[in-house]
Amino acid sequence: MSRLHDHIISVSPSDIDFMGHVNNANYLHWVQDAVIAHWERIAPPTAVAEHLWVALKHEITYRKPAFIDDEVIATVILEKVHGARAFYDTVIRRGEEVLAEVKSSWCCVDAKTLRPARITKDVITRFLPISDD
């Protein structure tokens, strides 16, 4: 099972659109911030320094709107790693209410060359521990 990461989101006045709720485009920023925070929290410092992540695809399903005073949390789940690609599920909630569900894929790149880079198995196991089942 993947190690979950809860990322607290602060809704700011600039996030609010003409309809009085968070503009849908902000969810993309939230997911990007949450996935990068997940990487930085769990990966060893050397891996964080040597690798960057580039978003390849996001599929966002909006369930309910978020508002200015909401306490919002994005829960990040790494589903799998294949080569230089990582596949994430992120659920954005206000309490128990699901505001959005996001499936995204990312490419790991070498920080110096900016070329795709595979993550080593020892780093992957920090995120996706091998089960004894």
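Me: Which residues does Ile 60 touch, leaving aside its neighbours within four places in sequence?
Reply: This is a predicted model, and in it Ile 60 is in contact with Tyr 27, Leu 28, Ala 100, Glu 101 and Val 102. Ile 60 itself belongs to strand β2.

Me: What makes Ile 60 buried, exposed or something in between?
Reply: Its relative accessible area is 25%. Buried needs under 20% and exposed needs over 50%, so Ile 60 is called partly exposed.

Me: How far apart in space are Ile 60 and Val 91?
Reply: Going from C-alpha to C-alpha, the gap is 9.8 Å, although 31 residues separate the two in sequence.

Me: Tyr 27 turned up among those contacts of Ile 60. How do you know whether Tyr 27 is buried or exposed?
Reply: Check its relative accessibility, which is 1%. The cut-off for buried is under 20%, so Tyr 27 counts as buried. Trp 30 is buried too.

Me: How many aromatic pairs does a search of the whole structure find?
Reply: Four. One of them joins Tyr 27 and Trp 30, with ring centres 4.9 Å apart and planes at 50°.

Me: Why is that pair of Tyr 27 and Trp 30 called what it is: stacked, edge-to-face or tilted?
Reply: Stacked rings need planes under 30 degrees apart, and edge-to-face rings need over 60. An angle of 50° fits neither, so this pair is tilted. The two residues sit three apart in helix α1, which means about one helical turn lies between them. Here's the general idea: an α-helix has 3.6 residues a turn, so residues three or four places apart point the same way.

Me: And what kind of pair do Tyr 27 and Tyr 62 form?
Reply: Their planes are 85° apart and their centres 5.2 Å apart. The angle is over 60 degrees, so the pair is edge-to-face. Tyr 27 is in helix α1 and Tyr 62 in strand β2 (residues 51-62), so this pair ties together parts that are 35 residues apart in sequence. Put the ring pairs together and you get a cluster of Tyr 27, Trp 30 and Tyr 62.

Me: Why does Tyr 62 not count as buried?
Reply: Its relative accessible area is 36%, while buried stops at under 20%. It isn't over 50% either, so Tyr 62 is partly exposed.

Me: Which residues have the most contacts inside the largest nonpolar core?
Reply: Those are Tyr 27, Trp 30, Trp 39 and Ile 92, in a core of 31 residues. At least two core residues come from each of α1 (24-42), β3 (71-82), β4 (85-94), β5 (97-110) and α3 (121-127). The biggest giver is α1, with seven residues. As for Trp 39, its contacts beyond four places in sequence include Val 48, Trp 53, Val 123 and Phe 127.

Me: How do you know that the length of α1 agrees with what its 19 residues should span?
Reply: At 1.5 Å a residue, the expected span is 27 Å. The end C-alpha atoms are 28 Å apart, so the two values agree. Right at the start of this helix, a side-chain oxygen of Asn 23 comes within 2.8 Å of the backbone nitrogen of Ala 25.

Me: What joins the side chains of Ser 104 and Trp 106?
Reply: A polar contact of 3.0 Å. That distance fits the limit of 3.5 Å for such a pair of N or O atoms. Ser 104 lies in strand β5, and its relative accessible area of 5% is under 20%, so Ser 104 is buried.

Me: Where does the charged end of Lys 80 sit?
Reply: Over the ring of Phe 87, 5.1 Å from the ring's centre. The distance limit for this is 6 Å, so 5.1 Å is allowed.

Me: Last one: why is His 21 called buried or exposed, and what about Asp 69?
Reply: His 21, in the loop between β1 (5-10) and α1, has 17% relative accessibility, so it counts as buried, under the 20% cut-off. Asp 69, in the loop between β2 and β3, has 70%, which is over 50%, so Asp 69 counts as exposed. Leu 114 is exposed as well, with 56%; its place is the loop between β5 and α3.

How values were computed:
Residues numbered from 1 in each chain as written. Predicted model: local features only at pLDDT ≥ 70, side-chain atom pairs only at ≥ 80, totals over all residues. Heavy atoms only, no water. Core = buried A, V, L, I, M, F, W, Y, C linked by side-chain atoms within 4.5 Å. Buried < 20%, exposed > 50% of the residue type's maximum accessible area, 1.4 Å probe, protein only. Helix = DSSP H or I, 4+ residues; strand = E, 2+ residues; numbered from the N terminus. Contact = heavy atoms within 4.5 Å. Phe/Tyr/Trp six-rings, centres within 6.5 Å; stacked < 30°, edge-to-face > 60°. Lys NZ or Arg CZ within 6 Å of the ring centre and 35° of its normal. Polar contact = N/O pair within 3.5 Å; in protein donor to acceptor, adjacent residues only side chain to side chain. Expected span 1.5 Å × (residues − 1).
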